[in-house]
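Student: I'd like a close look at a single part of this model, with its side-chain contacts followed step by step. Could you take me through it?

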Amino acid sequence: MQHPGCQSRPRQQRAAVWWNGRSGRLLLDRARDMLPHWIERLQPETILQLGQPVFWGLPPEREHTWVLLNDGFALPSDEYLQAYGVCEAMPFAAMRFDLVIVPFCLTRMANPQAVLEECWRVLRPEGHVLIMDFNPGGSLSVVRRWHLWRRDRAWPWLRPFLPPGRLRSLLKGQGFVLREGRYFQYTVPGLRRNAQWMELVGDRWWPAGANAYLILAQRRDPERPLVGAVRPFNVRSGRQKVRSEAPVAYAGPDPENTAPCPKKS
(Lines give C-alpha, C1' and ligand atoms only; values in the text may rest on other atoms or scores of the structure.)
Protein backbone atom coordinates (compact mmCIF):
# COMPACT_ATOMS: atom_id res chain seq x y z
CA MET A 1 0.00 0.00 0.00
CA GLN A 2 1.34 3.42 -0.92
CA HIS A 3 1.93 5.78 1.96
CA PRO A 4 -0.40 8.82 1.86
CA GLY A 5 2.61 11.15 1.98
CA CYS A 6 3.82 10.01 -1.43
CA GLN A 7 0.51 10.55 -3.22
CA SER A 8 0.69 13.13 -5.97
CA ARG A 9 -0.94 16.44 -5.09
CA PRO A 10 -1.04 19.67 -7.11
CA ARG A 11 1.26 21.62 -4.78
CA GLN A 12 3.84 18.83 -4.80
CA GLN A 13 3.74 18.74 -8.58
CA ARG A 14 4.17 22.52 -8.74
CA ALA A 15 7.23 22.29 -6.48
CA ALA A 16 8.73 19.56 -8.67
CA VAL A 17 8.16 21.70 -11.76
CA TRP A 18 9.78 24.72 -10.06
CA TRP A 19 12.91 22.79 -9.09
CA ASN A 20 13.22 21.58 -12.68
CA GLY A 21 12.69 25.11 -14.01
CA ARG A 22 15.30 27.79 -14.60
CA SER A 23 15.25 29.47 -11.17
CA GLY A 24 15.09 26.18 -9.31
CA ARG A 25 17.97 24.68 -11.27
CA LEU A 26 20.17 27.73 -10.66
CA LEU A 27 19.65 27.49 -6.91
CA LEU A 28 19.99 23.71 -6.86
CA ASP A 29 23.22 23.80 -8.88
CA ARG A 30 24.76 26.18 -6.35
CA ALA A 31 23.64 24.00 -3.44
CA ARG A 32 25.04 20.93 -5.19
CA ASP A 33 28.41 22.64 -5.51
CA MET A 34 28.50 23.44 -1.79
CA LEU A 35 27.17 20.28 -0.19
CA PRO A 36 30.06 17.85 -0.89
CA HIS A 37 32.40 20.20 0.96
CA TRP A 38 30.25 19.99 4.09
CA ILE A 39 29.94 16.20 3.83
CA GLU A 40 33.73 15.93 3.59
CA ARG A 41 34.24 18.16 6.61
CA LEU A 42 31.69 16.55 8.90
CA GLN A 43 32.45 12.93 7.87
CA PRO A 44 29.03 11.49 8.80
CA GLU A 45 28.42 7.75 8.58
CA THR A 46 24.64 8.04 8.42
CA ILE A 47 22.81 10.90 6.66
CA LEU A 48 19.13 11.75 6.61
CA GLN A 49 17.82 14.15 3.98
CA LEU A 50 14.33 15.60 4.29
CA GLY A 51 12.07 15.99 1.30
CA GLN A 52 12.64 17.94 -1.88
CA PRO A 53 14.94 18.67 -3.60
CA VAL A 54 16.97 15.56 -4.42
CA PHE A 55 20.57 16.67 -4.96
CA TRP A 56 21.85 13.72 -6.96
CA GLY A 57 20.42 10.82 -8.91
CA LEU A 58 23.03 8.82 -7.06
CA PRO A 59 24.30 10.20 -3.73
CA PRO A 60 28.08 10.71 -3.67
CA GLU A 61 30.41 8.76 -1.39
CA ARG A 62 28.67 5.42 -1.47
CA GLU A 63 30.22 4.41 1.86
CA HIS A 64 27.72 6.72 3.58
CA THR A 65 24.29 5.47 4.51
CA TRP A 66 22.10 8.14 2.91
CA VAL A 67 18.36 8.00 3.63
CA LEU A 68 15.74 10.21 1.97
CA LEU A 69 12.58 10.95 3.95
CA ASN A 70 10.00 11.22 1.19
CA ASP A 71 7.14 13.29 2.58
CA GLY A 72 5.40 13.60 -0.75
CA PHE A 73 7.50 16.52 -2.02
CA ALA A 74 10.59 14.49 -2.87
CA LEU A 75 11.31 13.71 -6.49
CA PRO A 76 11.40 9.95 -7.20
CA SER A 77 14.88 8.49 -7.05
CA ASP A 78 15.52 4.77 -6.94
CA GLU A 79 19.14 5.35 -5.93
CA TYR A 80 18.32 6.62 -2.43
CA LEU A 81 17.22 4.53 0.50
CA GLN A 82 13.75 5.99 0.99
CA ALA A 83 11.31 6.09 3.86
CA TYR A 84 7.84 7.59 3.61
CA GLY A 85 6.54 9.79 6.39
CA VAL A 86 6.10 13.36 7.57
CA CYS A 87 8.89 15.59 8.81
CA GLU A 88 6.99 16.48 11.98
CA ALA A 89 6.87 12.80 13.03
CA MET A 90 9.79 10.96 11.46
CA PRO A 91 9.55 7.15 11.27
CA PHE A 92 13.02 6.59 12.75
CA ALA A 93 14.42 5.51 16.09
CA ALA A 94 16.08 8.08 18.34
CA MET A 95 19.79 8.85 17.83
CA ARG A 96 19.92 7.18 14.43
CA PHE A 97 21.82 9.71 12.26
CA ASP A 98 25.06 11.70 12.33
CA LEU A 99 23.80 14.41 9.97
CA VAL A 100 20.34 15.66 9.02
CA ILE A 101 20.11 17.79 5.87
CA VAL A 102 17.05 20.04 5.68
CA PRO A 103 17.05 21.55 2.17
CA PHE A 104 14.42 24.26 1.62
CA CYS A 105 11.83 22.35 3.69
CA LEU A 106 11.14 24.55 6.71
CA THR A 107 9.64 27.36 4.63
CA ARG A 108 6.71 25.15 3.61
CA MET A 109 6.17 23.64 7.08
CA ALA A 110 3.29 24.82 9.25
CA ASN A 111 5.31 23.97 12.38
CA PRO A 112 9.09 24.33 11.84
CA GLN A 113 9.71 23.87 15.56
CA ALA A 114 8.22 20.36 15.44
CA VAL A 115 10.57 19.49 12.56
CA LEU A 116 13.60 20.70 14.54
CA GLU A 117 12.45 18.71 17.56
CA GLU A 118 12.41 15.61 15.38
CA CYS A 119 15.85 16.48 14.00
CA TRP A 120 17.11 16.66 17.58
CA ARG A 121 15.53 13.30 18.41
CA VAL A 122 16.97 11.34 15.48
CA LEU A 123 20.46 12.89 15.76
CA ARG A 124 23.18 11.19 17.73
CA PRO A 125 24.95 13.23 20.43
CA GLU A 126 27.31 15.71 18.73
CA GLY A 127 25.45 15.16 15.44
CA HIS A 128 24.78 18.06 13.08
CA VAL A 129 21.81 19.54 11.28
CA LEU A 130 22.54 21.39 8.02
CA ILE A 131 19.69 23.67 6.98
CA MET A 132 19.31 25.45 3.64
CA ASP A 133 16.38 27.76 3.09
CA PHE A 134 15.15 30.69 1.02
CA ASN A 135 16.26 34.13 2.16
CA PRO A 136 13.46 36.70 2.62
CA GLY A 137 15.87 39.46 1.53
CA GLY A 138 16.73 37.92 -1.85
CA SER A 139 15.32 38.45 -5.31
CA LEU A 140 13.35 35.20 -5.11
CA SER A 141 11.34 36.73 -2.27
CA VAL A 142 10.38 39.61 -4.58
CA VAL A 143 9.41 37.08 -7.25
CA ARG A 144 7.30 35.21 -4.68
CA ARG A 145 5.33 38.36 -3.80
CA TRP A 146 4.79 39.08 -7.48
CA HIS A 147 3.39 35.59 -8.11
CA LEU A 148 1.10 35.84 -5.09
CA TRP A 149 -0.13 39.26 -6.22
CA ARG A 150 -0.97 37.74 -9.63
CA ARG A 151 -2.64 34.78 -7.85
CA ASP A 152 -0.46 32.47 -9.88
CA ARG A 153 -1.65 28.93 -9.20
CA ALA A 154 1.60 27.48 -10.54
CA TRP A 155 3.70 29.10 -7.78
CA PRO A 156 4.51 26.46 -5.11
CA TRP A 157 5.87 28.57 -2.21
CA LEU A 158 2.85 30.10 -0.52
CA ARG A 159 4.21 30.60 3.00
CA PRO A 160 6.60 33.51 3.75
CA PHE A 161 10.25 32.55 3.65
CA LEU A 162 11.73 31.75 7.06
CA PRO A 163 14.09 34.57 8.20
CA PRO A 164 17.57 33.49 9.39
CA GLY A 165 17.02 35.24 12.74
CA ARG A 166 13.84 33.29 13.36
CA LEU A 167 15.59 30.01 12.50
CA ARG A 168 18.47 30.81 14.84
CA SER A 169 15.98 31.41 17.67
CA LEU A 170 14.24 28.10 16.97
CA LEU A 171 17.54 26.22 16.95
CA LYS A 172 18.71 27.79 20.18
CA GLY A 173 15.36 27.10 21.81
CA GLN A 174 15.69 23.44 20.89
CA GLY A 175 19.16 23.32 22.46
CA PHE A 176 21.27 23.23 19.29
CA VAL A 177 24.67 24.91 19.27
CA LEU A 178 24.99 27.21 16.27
CA ARG A 179 28.24 26.52 14.43
CA GLU A 180 28.37 28.33 11.09
CA GLY A 181 26.21 30.21 8.66
CA ARG A 182 26.46 31.84 5.27
CA TYR A 183 24.41 33.31 2.45
CA PHE A 184 24.70 31.99 -1.10
CA GLN A 185 23.34 32.18 -4.66
CA TYR A 186 22.96 35.78 -5.79
CA THR A 187 21.95 35.23 -9.41
CA VAL A 188 18.70 37.01 -10.18
CA PRO A 189 15.86 35.11 -11.87
CA GLY A 190 15.95 35.45 -15.64
CA LEU A 191 19.59 34.50 -16.14
CA ARG A 192 20.24 31.12 -17.67
CA ARG A 193 23.12 30.19 -15.41
CA ASN A 194 24.80 31.26 -12.19
CA ALA A 195 27.00 34.28 -12.81
CA GLN A 196 30.28 33.84 -10.95
CA TRP A 197 30.91 37.57 -10.82
CA MET A 198 27.57 38.07 -9.06
CA GLU A 199 28.52 35.46 -6.46
CA LEU A 200 31.79 37.30 -5.77
CA VAL A 201 30.22 40.75 -5.69
CA GLY A 202 27.30 39.59 -3.58
CA ASP A 203 29.52 37.91 -1.01
CA ARG A 204 31.53 41.07 -0.60
CA TRP A 205 29.01 43.89 -0.91
CA TRP A 206 25.51 42.57 -0.42
CA PRO A 207 25.48 39.22 1.44
CA ALA A 208 21.96 39.67 2.84
CA GLY A 209 20.61 39.96 -0.72
CA ALA A 210 21.32 36.31 -1.50
CA ASN A 211 18.51 34.01 -2.52
CA ALA A 212 19.36 31.39 0.09
CA TYR A 213 21.21 30.85 3.34
CA LEU A 214 22.79 27.91 5.12
CA ILE A 215 23.05 27.28 8.86
CA LEU A 216 24.98 24.46 10.53
CA ALA A 217 24.03 23.54 14.09
CA GLN A 218 25.15 20.78 16.43
CA ARG A 219 23.17 18.76 18.93
CA ARG A 220 24.15 19.65 22.48
CA ASP A 221 24.22 16.69 24.84
CA PRO A 222 22.50 17.84 28.07
CA GLU A 223 24.49 15.27 30.07
CA ARG A 224 27.75 17.00 29.11
CA PRO A 225 27.06 20.72 29.55
CA LEU A 226 29.09 23.33 27.73
CA VAL A 227 31.32 25.60 29.79
CA GLY A 228 32.92 28.81 28.62
CA ALA A 229 31.85 31.96 26.82
CA VAL A 230 29.83 31.85 23.62
CA ARG A 231 30.09 34.58 21.01
CA PRO A 232 27.02 35.84 19.12
CA PHE A 233 26.23 33.95 15.94
CA ASN A 234 25.67 35.77 12.66
CA VAL A 235 24.98 34.52 9.17
CA ARG A 236 27.78 35.96 7.09
CA SER A 237 28.74 36.02 3.46
CA GLY A 238 30.90 33.31 1.95
CA ARG A 239 34.08 35.35 2.37
CA GLN A 240 33.27 36.59 5.84
CA LYS A 241 31.74 33.48 7.41
CA VAL A 242 32.97 32.72 10.90
CA ARG A 243 32.41 30.02 13.42
CA SER A 244 29.63 30.77 15.82
CA GLU A 245 31.46 30.01 19.02
CA ALA A 246 34.76 30.28 20.76
CA PRO A 247 36.45 26.93 21.50
CA VAL A 248 34.50 25.20 24.22
CA ALA A 249 35.18 22.46 26.70
CA TYR A 250 32.86 19.90 28.19
CA ALA A 251 32.45 19.27 31.87
CA GLY A 252 33.56 15.76 32.71
CA PRO A 253 36.65 13.62 32.97
CA ASP A 254 36.92 12.64 29.30
CA PRO A 255 37.56 15.75 27.16
CA GLU A 256 39.17 13.74 24.37
CA ASN A 257 35.76 12.55 23.20
CA THR A 258 34.46 16.06 22.54
CA ALA A 259 33.59 16.91 18.97
CA PRO A 260 35.61 19.89 17.67
CA CYS A 261 33.96 22.79 16.01
CA PRO A 262 34.20 22.41 12.22
CA LYS A 263 37.09 24.28 10.67
CA LYS A 264 36.62 27.16 8.32
CA SER A 265 36.48 26.32 4.66
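Student: Which backbone oxygen lies 2.8 Å from a polar atom of the side chain of Asn135?

Tutor: Happy to take you through it, and please keep in mind that this is a predicted model. The backbone oxygen you are after belongs to Ala210, 2.8 Å from a polar atom of the Asn135 side chain. Asn135 itself is found in the loop between β5 and α4. Is that residue buried or exposed? Asn135 has a relative accessible area of 3%, and because buried means under 20%, Asn135 is buried.

Its surroundings are worth a look too. Leaving aside residues up to four places away in sequence, Asn135 touches Ala208, Gly209, Ala210, Asn211, Ala212 and Tyr213, and also Ser141, Phe161, Pro164 and Tyr183.

One of those neighbours, Phe161, leads on to the aromatic rings. Phe161 belongs to one aromatic cluster together with Trp18, Trp19, Phe104, Phe134, Trp155 and Trp157. Across the whole structure, a search finds 13 aromatic pairs. Take Trp18 and Trp157: their ring centres are 5.7 Å apart and their planes stand at 85 degrees, and because planes over 60 degrees apart count as edge-to-face, this pair is edge-to-face. Trp18 sits in helix α1 (residues 10–20), while Trp157 is in the loop between α4 (139–149) and α5 (164–174), so the pair links distant parts of the chain, 139 residues apart. Both partners are buried: Trp18 has a relative accessible area of 11%, and Trp157 has one of 2%.

Trp19 and Phe134 also form an aromatic pair, this one stacked, with 6.2 Å from centre to centre and 25 degrees between the planes. Since Trp19 lies in helix α1 and Phe134 in strand β5 (residues 123–134), the pair ties together parts that are 115 residues apart in sequence. Trp19 and Phe134 are both buried.

Rings can have charged partners as well. The charged end of Arg41 sits over the ring of Trp38, 4.8 Å from its centre. Likewise, the charged end of Arg150 sits over the ring of Trp146, at 4.6 Å from the ring centre.

Turning to charge pairs, the count comes to six salt bridges. Among them is the one between the side chains of Asp71 and Arg108, at 3.0 Å from N to O. This pair links distant parts of the chain, 37 residues apart: Asp71 is in the loop between β2 (65–70) and β3 (81–84), and Arg108 is in the loop between β4 (97–103) and α3 (112–122). Asp71 counts as buried at 9% relative accessibility, and Arg108 is buried with a relative accessible area of 8%.

Another salt bridge joins Asp98 and Arg124, whose closest N and O atoms are 3.2 Å apart. Because Asp98 lies in strand β4 and Arg124 in strand β5, the pair ties together parts that are 26 residues apart in sequence. Arg124 is partly exposed, at a relative accessible area of 27%.

Helix α3 holds a local example. Glu118 forms a salt bridge with Arg121, with the closest N and O atoms 3.0 Å apart. Because they are three residues apart in helix α3, Glu118 and Arg121 are separated by about one helical turn. Glu118 is buried, with a relative accessible area of 12%, whereas Arg121 counts as partly exposed at 26% relative accessibility.

Terms used
Residues are numbered from 1 along each chain as its sequence is written. This is a predicted model: local features need pLDDT of at least 70, side-chain atom pairs count only at pLDDT 80 or more; totals for chains, interfaces and linings use all residues. Side-chain values use heavy atoms; hydrogens and water are left out. Rings of Phe, Tyr and Trp (its six-membered ring) pair if their centres lie within 6.5 Å; planes under 30 degrees apart count as stacked, over 60 as edge-to-face and the rest as tilted. Helices (H or I, at least four residues) and strands (E, at least two) are DSSP runs, numbered from the N terminus. Buried means under 20% relative accessible area, exposed over 50%, partly exposed in between (1.4 Å probe, protein chains only). A charge sits over a ring if NZ of Lys or CZ of Arg is within 6 Å of the ring centre and within 35 degrees of the ring normal. A salt bridge is a side-chain nitrogen of Lys or Arg within 4 Å of a carboxyl oxygen of Asp or Glu. A polar contact is a pair of N or O atoms within 3.5 Å; within protein, one must be able to donate a hydrogen and the other to accept it, and residues adjacent in sequence count only if both atoms are side-chain atoms. Contact means heavy atoms within 4.5 Å.
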